[in-house]
Amino acid sequence: MDGALARRSIALLVAGLVLVAGPVPSRAQDAATVAPQPVRRLPYAQVAVVDIPTILQQATAMRTIQQQLDVQKDQLQRDVAQQQEGLRQAEQELARLRQTVSVEEFDRKRTEFETQVSATGRALQERTRRLDIAFNQARNSVINTLDQVIAEVAKESGATLVISRQFIV
């Protein structure tokens, strides 16, 4: 999806933007002041409330990223199952060799097997880590674009403050 189309898609999702206007008076007066201070009123604030989690959940870009992540996780699971089967077979072969080879030869084969198990575990952790990093980078890219779109919509609508709905009690 090109940048302009992505921005338009996200802008449509930001249609849930709610503007709330109201006075925001300043009430900071020093109690020790003898002479009454005139109350200074601040200009009205134009507050925009945005439901960012819902926008992200419904965004086509995030759905595409999630689908790609799911495909990669499925492939990872298939690879892990295949590697586990290979390790099970190697373990069975090692158990069979125990009966037919010398103790030294068996210890050498067992050490090789343990090295193979450790290497497989490290490779799995590395692939999982890379997958997590790729997902987080893609998600952060969508969030940065969303931030830009929200800023543009807020500017166009005259909002002076944008708050995520999740922070409103």
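Which residue forms a salt bridge with R108? Select R108 and have a look around its side chain: the partner is E112, and the closest N and O atoms are 2.5 Å apart. Keep in mind as you go that this is a predicted model.

**Stop one: helix α4**

Show residues 103-157, which make up helix α4. R108 and E112 are four residues apart in this helix, so about one helical turn separates them. Now turn on the surface. R108 has 39% relative accessibility and counts as partly exposed; E112, at 40%, is partly exposed too.

Stay in α4 and move along to E126 and R129. Here is another salt bridge, with the closest N and O atoms 2.7 Å apart. E126 and R129 are three residues apart in the helix, which again puts about one helical turn between them. How accessible is each partner? E126 is partly exposed with a relative accessible area of 29%, and R129 is partly exposed with 43%. While you are on this helix, add E105 to your R108 and E112 selection: salt bridges that share partners join E105, R108 and E112 into one network.

**Stop two: helix α3**

Next, pick helix α3, residues 60-100, and zoom in on E93 and R96. Their side chains meet in a salt bridge, at 2.1 Å from N to O. The spacing will look familiar: E93 and R96 are three residues apart in α3, so they sit about one helical turn from each other. On the accessibility side, E93 comes out as partly exposed with a relative accessible area of 33%, and R96 as partly exposed with 45%.

If you'd like to keep hunting for such pairs, a search of the whole structure finds 10 salt bridges. Among them are E93 with R96, R108 with E112 and E126 with R129.

**Stop three: the strands**

Leave the helices and select residues 45-50, strand β2. Is this strand mostly covered or mostly open? Mostly covered: five of its six residues are buried.

Now bring in strand β3, residues 161-164. Which way do the two strands run relative to each other, parallel or antiparallel? β2 and β3 pair in the parallel sense, over four bridges. To see one spot in that pairing, select V50 and look across to β3, where S164 stands opposite. As you step along a strand, remember that in a regular strand the side chains alternate between the two faces of the sheet.

Technical notes. Residues are numbered from 1 along each chain as its sequence is written. This is a predicted model: local features need pLDDT of at least 70, side-chain atom pairs count only at pLDDT 80 or more; totals for chains, interfaces and linings use all residues. Side-chain values use heavy atoms; hydrogens and water are left out. Buried means under 20% relative accessible area, exposed over 50%, partly exposed in between (1.4 Å probe, protein chains only). Two strands pair if DSSP finds at least two bridges between them. A salt bridge is a side-chain nitrogen of Lys or Arg within 4 Å of a carboxyl oxygen of Asp or Glu.
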